[in-house]
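Q: Got a minute to go through this one with me? I'd like to start with the DNA side.

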Protein chains: 2
Amino acid sequence: MAATLRDVALRAKVSVRTVSNVVSGYEHVSAQMRARVERAIEELDYRPNPVARTLRTGRTGVLALVVPEIDVPYFAELAREVITAAADVGYRVMIDQTGHDHDRERELLTGGDRGMLFDGVLFSPLVTRAELLAMQESRSMPLVLLGEHEFDGRYDHVAIDNVQAAHDATAHLLAIGRTRIAAIGAQPQEDYATPQQRTAGYERALRAAGMTPAEDYLRPAVHYSRADGYQATRELLERAERPDAIVCYSDLLAMGALRAIYDAGLRAPEDVAVIGVDDIEEGRYSRPSLSTVSLDTPFIAREAIARITARIADPETPAVQVTAPHTLVVRESTEGRSPDLGR
Amino acid sequence: MAATLRDVALRAKVSVRTVSNVVSGYEHVSAQMRARVERAIEELDYRPNPVARTLRTGRTGVLALVVPEIDVPYFAELAREVITAAADVGYRVMIDQTGHDHDRERELLTGGDRGMLFDGVLFSPLVTRAELLAMQESRSMPLVLLGEHEFDGRYDHVAIDNVQAAHDATAHLLAIGRTRIAAIGAQPQEDYATPQQRTAGYERALRAAGMTPAEDYLRPAVHYSRADGYQATRELLERAERPDAIVCYSDLLAMGALRAIYDAGLRAPEDVAVIGVDDIEEGRYSRPSLSTVSLDTPFIAREAIARITARIADPETPAVQVTAPHTLVVRESTEGRSPDLGR
DNA sequence: TTGTAAGCGTTATCAC
DNA sequence: GTGATAACGCTTACAA
């Protein structure tokens, strides 16, 4: 049986209060008391029970990170950074997957079952804005939204400038002389912010170049997966007017696109240039290596942790939005440049 | 302020005992009592506090999954399956990263700080067996080891037959006529089980074919990363006696190898065949697509959850070892076959 | 079947 | 500076 505070107190012949003081690093404890208590702790191999502490303090030391699927490289890389950043400030991270399930997403957001298990939630949502508003009704728990751009002053956001990111990707394709530029990742049926914003950026870049976005060059993708990218690209390549470039709304879509282009007997970038968004490591090793818009995941993670801890400390902290920087990374899939992999 | 059991009791004019009975689905509650209580619960939007429940019952409903790095695709895919399998039986999953840090691994294993935060730990270790034995000293918490092969009867194992897996990969290269077969992923400095077993399988297959494993064909890799695979392959290709095939101890290493072969102006599989271990999705879309030894991740996850829940229910359950099935998957990187990606 | 009350292991409010 | 002691919200003997 594990030793408790009381056991230590008995052994050290002091009160539990004193032991608690020593354990939680209280200042005003005499040196000899401290020594006595520490010996008893040592002897009994005492370790504080975090559950009891939580019941008393209301703090769990745990954050929830909610993502659609943890094995999507972008989310895996984000999770890694988040876990690391959280550990730096003494937090652990619990990961929940929504699996693209609206109901599950809502349940996680309203805290359906999870009561006081977390001190805060980092949410990378698919959910619509309208639905988010409804969430507001629910019991409030510190919440930071990741990746959304729209900001309504209600929640902290660590945003990505999706419009600009997609614009930059498209503008790069235009700059290298492409004229039939398709896009993969739209979700016309749904009210999701990310695909809408990326489509807006894509179309804005085309219009700025005096081009009219062609309806059938805008391909939907449900899961932003390799399979989605593969399938959508196949369809695009069957068009009479075959595109000479594709903007993929995620690197994973782009990986599928590259393979589809190869399977069709075509070359990237010569026949079809491809660019993605995210900058996952996979794209640095693929053939061709993938041009992309790099999102600063460490920044997002650090900022998310900073926001959530601030809100936990003071729930009345006004909600703020920070936008993560992004940069265009040109690799072989658009310009034939070699990556720098030699160490 | 969140409503408590007592609030509900007061409102429904019943005892807390009755409310608790209703909440935890106790059988013998009269219909009218139940109705009354449920109305009060509804009105107060009451939700049980899991922390208080945990303090009382000793069960947290949380499992820890400990992996080196969550953004390594194999672990990400495993985590996905584990989280799903855990959710099916009412468990949540906390993810901890050891980051290849021995001390951190030991700390997580001995439960350094985490006291009673988890009901059990699923551990995918790098740690040596000798060190594992020492862990035994520590306070016991239900533990299931993932991926290790050695079984000492002390812990539950969901094992991979690493020797056989590496053997099968090597045998396949021999079967397609390769004679200068290198391996990447050994860790001669360390006492890690996985690389040792895979090297054993590699060497056994070579010997069975009447060949002598060449020392300088066995390349170390510390992190099993793309970068490690790239670097090791570069070095191999500089050898006077250039290998015509490479067994990579992980698919990620193989992705780096493929890129290095391409950068060296060589072709896979014509000049150098490559095979990995894991069967991550990335390898189905790479160019060339990657031959590999497929590990049954869903099986591992399901079995791990089954073992840990059994041990939580009865700590005296004898430790067992189950071995996950693996299968050779032949793709372009060894035999030029096309993958089947069209849906 | 339902009520009363004793903890679970902490922290925090009092005194001294 | 240290010692009693009352919560934190729940489950569960033990009674009724």
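Q: Which element gives the most to the surface near DNA strand D?
A: That's α4(B), which supplies four residues. Keep in mind that this is a predicted model.

Q: OK, and which helices supply at least two residues each there?
A: Both chains take part: α2 (16-23) and α4 (50-57) of chain A, plus α2 (16-23) and α4 (50-57) of chain B.

Q: Which residues come nearest to DNA strand D?
A: Out of 22 residues around the strand, the nearest are A:Thr18, B:Leu5, B:Tyr46, B:Arg53 and B:Arg56.

Q: What share of the strand's atoms within 4 Å of the protein is sugar and phosphate?
A: Sugar and phosphate make up 60% of those atoms.

Q: Let's get specific. What does B:Arg53 have at 2.5 Å?
A: An N or O atom in the side chain of B:Arg53 sits 2.5 Å from a phosphate oxygen of DNA strand D. B:Leu5 also has a phosphate oxygen of that strand at 2.5 Å, but there the protein atom is a backbone N or O.

Q: And what about B:Arg17, which part of DNA strand D is 3.0 Å away?
A: A base nitrogen, with a polar side-chain atom of B:Arg17 on the protein side.

Q: How do the residues of that surface divide into nonpolar, polar and charged?
A: Nine are nonpolar, eight polar and five charged.

Q: Where does UniProt put the "HTH lacI-type" domain in chain A?
A: The UniProt record, an unreviewed entry, has it at residues 3-57 of chain A. Over that stretch the chain is 69% helix and 0% strand, with the end C-alpha atoms 21 Å apart.

Q: Switching to the sheet in chain B: what's the strand order?
A: β7-β6-β8-β9-β10-β12, six strands in an open sheet with mixed pairing.

Q: Why do β7 and β12 have one side without a neighbour in the sheet?
A: β7 (218-220) and β12 (326-329) of chain B are at the edges and have a single partner strand each, so one side of each is left free of a neighbour in the sheet. On average, neighbouring strands are turned by 15° against each other, ignoring direction.

Q: How many bridges join β10 to β12 in chain B?
A: Four, and the two strands run antiparallel. In one of the pairs, B:Val293 has B:Leu328 of β12(B) as its bridge partner.

Q: Last one: which strands does helix α9 of chain B lie across?
A: Helix α9 (residues 193-208) lies across β6, β7, β8, β9 and β10 of chain B, and runs at about 170° to β6(B).

Technical notes
Residues numbered from 1 in each chain as written. Chains lettered and ligands numbered in written order. Predicted model: local features only at pLDDT ≥ 70, side-chain atom pairs only at ≥ 80, totals over all residues. Heavy atoms only, no water. Pairing = 2+ DSSP bridges. Axes fitted to C-alpha atoms, helices over the stretch in contact; angles between N-to-C directions. Contact = heavy atoms within 4.5 Å. Near = heavy atom within 4 Å. Polar contact = N/O pair within 3.5 Å; in protein donor to acceptor, adjacent residues only side chain to side chain. Nonpolar A, V, L, I, M, F, W, Y, C, P; charged D, E, K, R; others polar. UniProt positions renumbered as here; feature names shortened; annotations may be inferred.
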